[in-house]
Amino acid sequence: MDAQGPQALCDLCLAQVCHSLDALCSKRADGSICLSWAPLFPQEMADQLLRKMATKGILNCTTVGIFRNCKELRLRRAFIRCCSVSAEAFRLALCPHRLQELDASWVSGGLTGANIVIGLASNPECRSSLQRLSLTGLHVDSESLAEDGGTRVGFSSLQGLRTLNLANTDLTDAVLEDICTLPQLESLDISCSAVSKLTALLDCKNTLRSLIIHRLRQLDMSSARLLFVLSQLHALRHLDFSEDHFAVDDSDGKDGDETLRQLLEGSPQVLPSLVSLDISGRKRITEAAVRAFVEARSGLVFLGLLATEASSCDVLSSRKNLKVTGEANEDQVCEALRRYRDRECFVREALIHLYNLTTDIDKPRPDILKLVLSAMQNHTTSLHVHLVATACVFNLTTQDLAEAMPLSLLSSTVTQLLYTMKTFPNHQQVQKNCLLALCSDYILQDVPFNKYLAAMLVINWLCSHEDPTLQRMAVAVISILVAKLSTEETAQLGKDVFIMKLLAIVQQKAMVGVVDSTLKFALSALWNLTDEMPTAARNFIECQGLELYEEVLESYYTEPSIQQKVLGLLNNIAEVEVLQADLMREDLLEHILSLLQDSQVEVGVRYFAGGTLAQLASRPEAWTLGDELRSTILKQLHASIMTWTQLEREMVSYRSFSPFCPLLQTLQPSGVQLWAVWAIHLVCSQNTSHYSSMMEKEGVTELLKALAAHPDTHADIKGLSDSILRMVEQHHSHSGSFCNQMGPQNS
């Protein structure tokens, strides 16, 4: 069982509501929807439903309409991050609620910061109730924050605000001045904004406890003035004055660095309440300054030093309760990935160091894999992040490490790898990293993910690239995945362009007579693609596959693993009545017959040779070659099969027994019947539970009974048929006994 356990019932119910919205709702005149009937939701569940809709990507101008019902669906903590919601939809659906928190970061649909502030301020309750507001990535549109009935509407209208996030916005100095008049403001994030002066912060110096001013590119203050303003923030406990080290050159940020140097080396009476400082990315910081700061502040609990080259300072390891982001050790790197989820520059830096740390890892680390997955999910379009993250995924899941990971974590990771392959289709190293991670028997066989999407991505990539190493991995992945697909999905992959590419790989290898894993995987993929797939089999023939396979069959006479895969595909073609005429080639059938007769050839090869011949010989009306050849085939089928020994290992699996049904008819020659019965006996003895139900469902059991009871049936065939029927009966008897034991009992 997955170590993470099953999903909570509440999550499952909310997911079902999201899935069934269309059925549960009716449309209003303006196109929005409302619940046709709604019970009084527990308040927290209304918040959870909104978040679930947002994270599933179904929250938009239409669906957000269900929250216009403020009586049954009462929102307090609203989450619409990254959704497409218009100003009007926001005003009608969310503003009437008595909100305490709102996260509208990165919202699209034309919704601006001004729309949000004006909308919230229109609700008198929200003016005092709203405590947390996040508008990261939005256009503030400060010019629209205007007079409303004689009173200016701005952030200061929301008098209850304690936490405000305006990172990555066009926040201006004038709007910052308005914000700093908020009477209860405790936490402010204005990172990557257009602010040039921080003097306004003096207006909230007695309340501000957390200030995040990462990468203020337009900051225009002398180091002396900046230090003065910061030193007046007496209540400040957390200061983030970090910098994007990838984006700056040696001439940038000198005033900020000088301010930090003076702060680090100065008296602890400056910012006396400070217990958390982030200066990551500040390249000019010295170990001496860090040492002086840490030694002077015994209450310090966090220090951000990633990309400063100062994280190896010896004093850091002596503080047990001090958390540090940096690159000196695993703890520092993982702390960086946890704290800097939204900062691409630091995520990139941390992943580079994590890759080096995990290169020779020999113990499963699901905790680290979760951090890497989170980095990929938070930076979906960053090539830099995915390039390193995919390499880390391979390090963390290679060999036996994957089997010790929680299944749901691996499933999410593989799903993300597929998204990465789709997002960066032409970046060879990213594709290579993803293929390396996917090329695992355990992942491909046992981990749940969209195997059709994976196969389609890999085969599309294969068709446009020639790298031999990647080609081997891609073909390996395809050959395994195709066997896992439904009939409909396999049909989509059987297009002539895909068949042609795989045949080209086979031809490339056959021309030089090489036997390697690429050739074997390509042959397996073609075999699986044509399994009960008439269209794919036709495409194979039209792409001159038969001519190539006849050559391969002759040139690889001493390679049973190659012959078996070639004959397996010919078997697939022989099962399709309308394609049997294409196999009526005397040289080809005589060669296959010689393999059937040769006692030195492995049983696996002779088995598929027999299957191909049995299918072709079963329809005398379609036989276009000499009668003598057919008679010889039928005679040799029976004689050869009776010399075969039972195989221990699983050699073949079948989607259905449909191709066997015509061979089991009582009027068929004994050689044809014997091959079909021997084949069914083989797979049933290896996996009785799977194939016994298939036999019942497809009528094979009745055919075998009829065959066993018919007076003209050969004794060899009767014996095998009876053996199969006994296996099935014993299995059903055992299953019934087990079910009875597990059934309800009287106490």
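Q: Which side chain does Arg77 meet in a salt bridge?
A: Let's start with one charged pair in this predicted model. Side chains of opposite charge can pair when their charged atoms come close. Here the N to O distance is 3.4 Å, inside the 4 Å limit for a salt bridge. The partner of Arg77 is Glu101.

Q: How many residues apart in sequence are the parts that Arg77 and Glu101 tie together?
A: Arg77 sits in strand 3 (residues 77-79), while Glu101 belongs to strand 4 (residues 101-103). Their pairing therefore links two parts of the chain whose separation in sequence is 24 residues.

Q: Where is the chain divided into domain 1 and domain 2, and which residues make up domain 2?
A: Domain 1 is assembled from three stretches, 77-85, 98-246 and 254-334. Over C-alpha atoms, the centres of domain 1 and domain 2 are separated by 30 Å. Domain 2 is made up of residues 335-449.

Q: Which three residues supply 35% of the area that domain 1 buries against domain 2?
A: Between them, the two domains bury about 1,800 Å², with 62% of that on carbon and sulfur atoms. On the domain 1 side, no other three residues supply more than this trio. They are Phe246, Val333 and Cys334.

Q: Arg81 forms a salt bridge with which residue?
A: The count of salt bridges between domain 1 and domain 2 is three. For Arg81, the closest N and O atoms are 3.7 Å apart, again within the 4 Å cut-off. The partner of Arg81 is Asp342.

Q: Which element gives the most residues to the side of domain 1 that touches domain 2?
A: There are 16 residue pairs in polar contact between the two domains. Strand 13 (302-304), strand 14 (323-325) and helix 11 (330-339) each supply at least two residues to this side of domain 1. With five residues, the top contributor is helix 11.

Q: By class, how many charged residues does the side of domain 1 that touches domain 2 have?
A: In total, 27 residues of domain 1 are in contact with 19 residues of domain 2. The domain 1 side includes eight nonpolar and ten polar residues. Its charged residues number nine.

Terms used. Residues numbered from 1 in each chain as written. Predicted model: local features only at pLDDT ≥ 70, side-chain atom pairs only at ≥ 80, totals over all residues. Heavy atoms only, no water. Domains from an automatic or database assignment. Contact = heavy atoms within 4.5 Å. Buried area = accessible area lost by both parts, 1.4 Å probe. Polar contact = N/O pair within 3.5 Å; in protein donor to acceptor, adjacent residues only side chain to side chain. Helix = DSSP H or I, 4+ residues; strand = E, 2+ residues; numbered from the N terminus. Nonpolar A, V, L, I, M, F, W, Y, C, P; charged D, E, K, R; others polar.
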